[in-house]
Amino acid sequence: MGILWNSVIWIPVLVVVLFLVRVVLFKTGLIYTVKKWRRRIVDWFHVYQFYKVPEFNDNLQENQLYRRVYAYLNSLSSIENSDYTNLFAGRKSNEIILRLDRNQVIGDEFLGARVCWINGEDEDGSRNFVLKIRKADKRRILAPYLNHIHTVSEELEQRSKELKLFMNVAGNDEKNGRWRSIPFTHPCTFENMAMEADLKEKVKSDLESFLKGKQFYNRLGRVWKRSYLLYGPSGTGKSSFVAAMANFLNYDVYDIDLSKVEDDSDLKMILLQTTCRSVIVIEDLDRFLSSKSTALSVSGVLNFTDGILSSCVADERIMVFTMTSKEQIDPAVLRPGRVDVHIHFPLCDFTAFKALANSYLGLKEHKLFPQVEGIFQNGASLSPAEIGELMIANRNSPSRALKSVINALQTDGDRRGTPATTRRLFHERTSSEDYEGETSGPLCGGGSSPAVKEFKKLYGLLRLKSNRKSQSFNLARELRNGS
């Protein structure tokens with residue numbers, strides 16, 4: 001009886017003690033210290049293998065496995081258990097993103113085995129991940145685990161890829177490479193661009209064929225890349241067109257500033273540090289070709305477009321070159337193989353004006369349209385950016401907007417166009433069929449433009465006009481195009 005009585009007394013005492021232990025462990029965070037020491041004790045009885053995943057390979061190219069491991073680790077829920085975690089605002093409102101900080105450890109489990117990743121840094125400042133895995137588990141899980149990381153990271157990348165705009169910097173920074181990036185948030189797409197539907201569909205079809213063409217290019221023994229030349233006056237939408245291409249493809253953009261390239265070898269190094277699934281842009285190429293004030297040679301640029309190095313590292317890339325005019329350019333620069341597709345961006349004609357009026361003002365017809373058409377037929381024209389600027393300023397009054405455009409065409413637009421209908425050419429250099437757009441092209445504004453007199457009256461701003469040479473834009477010359 002005494003033993004039973006003692007048991008009855010000790011049971012509540014034991015419950016209270018266990019409760020107090022639980023409170024101490026969990027409320028004070030002591031449980032995490034206990035777990036940490038438990039892991040250390042277990043580690044004493046196991047032999048581990050370490051695998052380093054550096055950010056760059058021996059050729060200073062981005063290590064694709066590093067990028068995939070980075071995406072995978074940041075998707076794990078166990079990142080919250082790291083001692084030090086970075087918090088960032090997401091693209092959506094109220095979205096918070098967790099990112100692993102340097103020199104932190106994150107655990108993971110796969111096929112019943114526990115592994116650890118260490119986010120490290122070398123002495124030279126380059127980043128790396130170190131995989132810590134038990135030797136007893138290595139043969140069983142290493143290959144399947146890496147394949148698992150590859151699959152998961154690809155799904156994450158396609159589901160939540162944030163496009164980036166990369167810009168090259170001068171000098172050779174071994175720690176950070178030659179590129180600096182910012183989020184690419186340009187809103188221009190093929191859906192919201194005021195351009196002729198026929199040309200839009202042909203460009204989209206060409207890009208879709210490229211996306212699906214890996215096996216086709218490999219079978220032909222050609223590099224899986226596509227190059228475009230966009231040429232025309234300033235303010236005609238070339239940069240916006242590049243943004244629409246990037247958004248359509250879901251590709252990053254690498255904007256190469258040739259003035260920051262030291263020589264031919266430096267240009268090759270810049271190409272080496274680009275990634276696949278990207279749009280590589282060189283703007284105002286004609287200005288560079290006519291300039292002799294740089295150590296970078298013309299042959300270096302040409303080799304950049306189709307040289308041996310480009311053939312080795314340019315897979316799954318789109319190259320875009322812009323010019324104001326190609327009339328004075330050596331045909332060897334634009335030969336097939338270097339430039340596949342030529343697209344002309346002329347000043348506005350009446351059909352392009354109607355597309356702008358519909359996009360900016362919601363007008364399909366208006367009593368002032370015949371007057372505008374007559375002015376265009378007499379040879380006056382402005383760039384899409386100039387006309388779009390006037391329409392934005394007067395968007396609350398469509399009639400006032402049209403009168404502003406008429407006044408601008410009669411003053412600033414005199415003799416800048418031609419009485420003939422200006423056309424844009426979509427030309428694939430290797431095909432046997434010509435493609436012509438019916439009007440001028442992407443009119444999604446972009447860039448600065450000379451202010452017209454009516455715009456000055458509305459806002460009282462004194463702005464300098466750009467000195468623009470009188471230009472005559474004839475019908476685009478038809479070139480052979482084969483599919």
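**View 1. Where β10 meets β11 in this predicted model**. Let's start with a single rung: D255 has V281 of β11 as its bridge partner. That rung belongs to a parallel pairing between β10 and strand β11, residues 278-282, which runs over 5 bridges. To get from one strand to the other, follow the chain through helix α8, residues 264-272: β10, α8 and β11 make up a right-handed β-α-β unit.

**View 2. β10 and its pairing with β7**. Now look at strand β7, residues 164-168, which also pairs with β10 in the parallel sense, this time over 3 bridges. Here you can pick out F166, whose bridge partner in β10 is Y254. So is β10 buried or exposed? Buried, for the most part: 4 of the 5 residues in β10 (residues 252-256) are buried, so the rest of the structure largely encloses this strand.

**View 3. T275, in the loop between α8 and β11**. Stay with the β-α-β unit of β10, α8 and β11, but zoom in on the loop that leads from α8 to β11, where T275 sits. Its relative accessibility is 8%, below the 20% cut-off, so T275 counts as buried. Which residue shares a polar contact with the T275 side chain? It's Y254, with the two side chains joined at 3.2 Å. Y254 is also the β10 residue that bridges to F166. If you skip the neighbours within four places in sequence, T275 is in contact with E62, Q64, Y254 and R317.

**View 4. L363, in the loop between α12 and α13**. For this one, move along to the loop linking α12 (350-361) with α13 (369-377), which is where you'll find L363. With a relative accessibility of 13%, L363 falls under the 20% limit and so counts as buried. What does L363 touch, once residues up to four places away in sequence are left out? The list is K354, A357, N358, F369, P398 and L402. Take P398 from that list: it is 35 residues from L363 in sequence, yet their C-alpha atoms are 7.9 Å apart in space.

**View 5. Zooming back out to the whole chain**. Count up the secondary structure and you get 16 helices and 15 strands. Of the chain's 483 residues, 44% count as buried. Among contacts between residues at least 6 apart in sequence, 71% join residues at least 24 apart. As for the outside, the chain exposes about 26,500 Å², with carbon and sulfur atoms supplying 52% of that area.

Notes:
Residues are numbered from 1 along each chain as its sequence is written. This is a predicted model: local features need pLDDT of at least 70, side-chain atom pairs count only at pLDDT 80 or more; totals for chains, interfaces and linings use all residues. Side-chain values use heavy atoms; hydrogens and water are left out. Buried means under 20% relative accessible area, exposed over 50%, partly exposed in between (1.4 Å probe, protein chains only). Helices (H or I, at least four residues) and strands (E, at least two) are DSSP runs, numbered from the N terminus. Two strands pair if DSSP finds at least two bridges between them. A crossover is right-handed if, with the strands pointing away from the viewer, the path from the first strand over the helix to the second runs clockwise. Contact means heavy atoms within 4.5 Å. Accessible areas come from the Shrake-Rupley method with a 1.4 Å probe; for residues, only the protein chains shown count as cover. A polar contact is a pair of N or O atoms within 3.5 Å; within protein, one must be able to donate a hydrogen and the other to accept it, and residues adjacent in sequence count only if both atoms are side-chain atoms.
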